[in-house]
There are 2 protein chains.
Amino acid sequence: MENFDLLYSLLESKDYRNLQKELKDMYAADIAEFINELNYEENFKPDAVIVFRLLEKDEAAEVFPSLTSHSRANLIGFIGNDELKEIFEELKLDDKVDFLEELPANAVKNILRHSDNKERELINRFLNYKEESAGSLMTVEFITLRGDSTVGDALLKIRETGIDKEIIYTCYVIGPNRKLIGVVSLRDLVTTPKDMLIKDIMVEDVVFVHSDMDREVVADVFDRYEFMALPVVDSEERLLGVITVDDALDVIEKETTEDFHIMAGVNPSESSYLQSSVFSLAKDRLIWLVVLLIAGMFVGGVIDNYQWILAQYLILNSFIPMLTAAGGNAGIQATTLAVRNLSIGEISFKEMGQVALKEFKVGLIVGIIMGLTAMLKVIIIDGAGLLIGTVIFFTMLGGILLAKVVGGIIPILADKVGLDPAVMASSIITTLVDGVTLMIYFNIARLILPL
Amino acid sequence: MENFDLLYSLLESKDYRNLQKELKDMYAADIAEFINELNYEENFKPDAVIVFRLLEKDEAAEVFPSLTSHSRANLIGFIGNDELKEIFEELKLDDKVDFLEELPANAVKNILRHSDNKERELINRFLNYKEESAGSLMTVEFITLRGDSTVGDALLKIRETGIDKEIIYTCYVIGPNRKLIGVVSLRDLVTTPKDMLIKDIMVEDVVFVHSDMDREVVADVFDRYEFMALPVVDSEERLLGVITVDDALDVIEKETTEDFHIMAGVNPSESSYLQSSVFSLAKDRLIWLVVLLIAGMFVGGVIDNYQWILAQYLILNSFIPMLTAAGGNAGIQATTLAVRNLSIGEISFKEMGQVALKEFKVGLIVGIIMGLTAMLKVIIIDGAGLLIGTVIFFTMLGGILLAKVVGGIIPILADKVGLDPAVMASSIITTLVDGVTLMIYFNIARLILPL
């Protein structure tokens, strides 16, 4: 997206003063991309460190969380503990936690030794939240108000303390014991007379999540209500922190990537493709391939069982790929759509009957057209005769009908029993449909052909 | 998520007064879900209209855009033009445009007749933006400031006009001719002394998009910079409107759904699954199925060509499903990951060599392990002998190696020439790999087996 030619030429001519000037005018996200690029090429890695060191401390703290973990690891390897500490101090709390999770244990100790007690306690609490929980996503830099203060007081508080807060557009109203009792937006504060009381303008029916809720549920809540921020409470509804919508965006991206992985029969992993080792990539893929290989052996067994039919009609053999592929493809269509529709909330267990009926009708139309096409090909081009053509027609229709209905239902059932529905897509449905289509094929052949 | 039992019982006992009270305390998103539920069941449809009519006008305007298009169509069928007009007047401009796009033409005319000139002109401009462009996503309800006014003036303006604006957290600074010259956040306004000038605190290097840019590019910009709002300008950089982050979220969801559809070999469509007719679903799926069927016929042709080998070694036949399935599955893994990595920006054309090398190495490891597993099965369980076992080993290795490398590269090439990379996933790669694996199989058999 960005063109870094000027930056590269300044780097080459070692004109660091002008480089620093250029960097000052850039967005953190763009600087991060430039440093990532430098880090990828072995001979530019020292330059990445130079560029990073040219940044002001606060700018460095903004760029750092936007780097890839690969770039961060490289930088951490180059720069000393004291410099790390300086960056650390400038980071926001949630970025601090992420930062510490990437550091080697002794560096963590070294850095935490210099934090004050309150911060150390906070950080430790965060490090204890489970990785995919709401607690691990939240920030503690937000504004709390009291119900009996006025709008004017609230605006004054925001004016004084707002600069350091990550979230100021939504303010949370707390009662005794930090219990969350209401929420008020900065929009309301700046458009309401200053002598009104907060408790009279706040929304009391606050939507919140618990710190141990799964991050996917959190993303769903954001999607549903279109909030910009969502409070996190403990079991006694005391306010612990706030999650912002951009974190929800990240979660949605990660969960979608996970769906893609699972659908392709790859163990989901959060580490990036380019930085994963060949062995870990191979391992993530082998498990399912072997499972499917064993399933595939059973499919081969079906053919073995009917070798006596093939021995008489060898031509039936060359139609097998066409029949199993069509069934598999029809099944992939149905499962993939079901997986996606489940994940965007379009269908649920309640609609299973509706889905089955719909897929049956679609399968009927698609199956008849595909069956006729294949039948005509077999009779006209291959000259296989009407009887074999009829076998092909009914196998195609039966295989597609079955693939559509089973493919549409299985992800819903998987979801119902708590499995990730994506597990049931693509590869598994193909293998299943392959086997059943072959059984249909040979049984219809046995019925129709003179043997 | 929500439990509507109470609402249902109030509906049944026709206690509309208490139902109205309940509705008053609910979020618009939840009311919309309830009305959607009612609209799904034929005998509850009149109730959906009753519930909708119990809402205050402004609440109805908030609920309406959250309904499914199915529910909206049902309501529009029940309620008269005058009532439609009332709802219309309460809607925000971008929702008005969406609303009009769903109405029959004569109703549109009827409603627009009563809008004032300025609004009619705006709406017509919106209706002319291309469906997937930045222009079609934007709102015109935002706040503009002048560079020479003070922070205090700006806050006053927001206090007076902010209530009706969709966006108030980001304000746009315009110069002569509405040219966009800067941006300032409400955060800065409420945390800066009131006598400062806007031009001294505004950010001048504004990131913007053009009204004709594709919505996918817009979503990428949001993802990159984590903005809450993004200004839209014309070719002379005059400010036309603003896109909010929740619209970007919608776009990301729609684009991902499109990827899922295309990967499964289904023509992408934006209408919802449950509301699409069986015929339109069948049509969207048939095109690719027929293309793949024809491709599958060629795969069958490969078998035909080597019938003379099969005639001597009939046992080779029963290993075909296992071999083609393994190649296909390995290919699906590589393409799906490549498609996803392209869409999240992890890889691009620049990294194609790196991807090819990585996939080759992964394919080598996976292929050898899969090959050995299949070979042992064939020799020990099927008693097929060492020679046939060797044929199986090399076919498995060759097929997987090829599937991995080709599967990893093809989406990148498709992306490079401007095709949607998802087109090259799942079904197509499977068919391609099937054919090539069979050729490898028979050629290795010809080399190794005594014929």
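This is a tour of a predicted model with chains A and B, arranged as a series of selections.

**Stop 1: chain A as a whole**

Select chain A and show it as a cartoon. The chain holds 21 helices and six strands. Its C-alpha atoms fill a box of roughly 90 × 60 × 40 Å along the principal axes. The radius of gyration of chain A is 30 Å, whereas a compact globule of 451 residues would have one near 22 Å. Of the 451 residues in chain A, 42% are buried. Among contacts in chain A between residues at least 6 apart in sequence, 68% join residues at least 24 apart.

Next, colour chain A by domain. The domain assignment gives domain 1 (5-132), domain 2 (144-259) and domain 3 (278-448). Between the C-alpha centres of domain 1 and domain 3 of chain A the distance is 51 Å.

**Stop 2: both chains and their contact**

Now show chain A and chain B together. A turn of 180° with a shift of 0.0 Å along the axis lays chain A on chain B with an RMSD of 0.1 Å. The two copies are therefore related as by a two-fold rotation axis. Both copies use the same surface, since 100% of the contact residues of chain A recur in chain B.

Select the contact residues: 87 residues come from chain A and 87 residues from chain B. On the side of chain A that touches chain B, helix 16 (residues 278-305) of chain A gives the largest share, 15 residues. Coloured by residue class, this side of chain A shows 48 nonpolar, 21 polar and 18 charged residues.

**Stop 3: the three-stranded sheet of chain A**

Go to strands 1, 2 and 3 of chain A. They form an open sheet in the order 1-2-3, with mixed pairing. Strand 1 (144-145) and strand 3 (180-185) of chain A each have a single partner strand, so one side of each is left without a neighbour in the sheet. Strand 1 of chain A pairs with strand 2 (residues 170-174) of chain A in the parallel sense, over two bridges. To find this pairing, select A:T144, which stands opposite A:Y172 in strand 2 of chain A.

Then step back to A:V140, in the loop between helix 10 (117-128) and strand 1 of chain A. Is A:V140 buried or partly exposed? It has 19 C-beta neighbours inside 10 Å, and burial needs 20 or more, so A:V140 counts as partly exposed. Leaving out residues up to four places away in sequence, A:V140 touches A:L93, A:L122 and A:G241. A:E166 can be added to the view: A:V140 and A:E166 are 26 residues apart in sequence and 8.3 Å apart in space, C-alpha to C-alpha.

**Stop 4: the three-stranded sheet of chain B**

Move to chain B and select strands 1, 2 and 3. Here too the three strands form an open sheet in the order 1-2-3, and the pairing is mixed. Strand 1 (144-145) and strand 3 (180-185) of chain B are the edge strands, each pairing on one side only. Strand 2 (residues 170-174) and strand 3 of chain B run antiparallel and are joined by five bridges. One residue to pick is B:V173, whose bridge partner in strand 3 of chain B is B:G182.

Select B:S149 next, in the loop between strand 1 and helix 11 (151-161) of chain B. B:S149 counts as partly exposed because it has 15 C-beta neighbours inside 10 Å. It touches B:A154 and B:I198, not counting residues up to four places away in sequence. B:K199 is 50 residues from B:S149 in sequence, and their C-alpha atoms are 8.0 Å apart in space.

**Stop 5: strands 4, 5 and 6 of chain B**

Finish on strand 5 (residues 229-233) of chain B. Four of its five residues are buried, so the strand is largely enclosed by the rest of the structure. Which strands does strand 5 of chain B pair with? Strand 4 (residues 209-210) of chain B runs parallel to strand 5 of chain B and is joined to it by two bridges. The bridge partner of B:V209 in strand 5 of chain B is B:V232. Strand 6 (residues 239-244) of chain B pairs with strand 5 of chain B in the antiparallel sense, over five bridges. In this pairing B:A229 stands opposite B:T244.

Last, select the turn. Strand 5 and strand 6 of chain B form a hairpin with five residues between them. Within the turn, B:E237 has a positive phi of about 60°.

How values were computed:
Residues numbered from 1 in each chain as written. Chains lettered and ligands numbered in written order. Predicted model: local features only at pLDDT ≥ 70, side-chain atom pairs only at ≥ 80, totals over all residues. Contact = placed C-beta atoms within 7 Å. Nonpolar A, V, L, I, M, F, W, Y, C, P; charged D, E, K, R; others polar. Domains from an automatic or database assignment. Pairing = 2+ DSSP bridges. Least-squares fit on C-alpha atoms with pLDDT ≥ 70 in both. Rg over C-alpha atoms; globule rule 2.2 N^0.38 Å. Buried ≥ 20, exposed ≤ 12 C-beta atoms within 10 Å, placed from the backbone.
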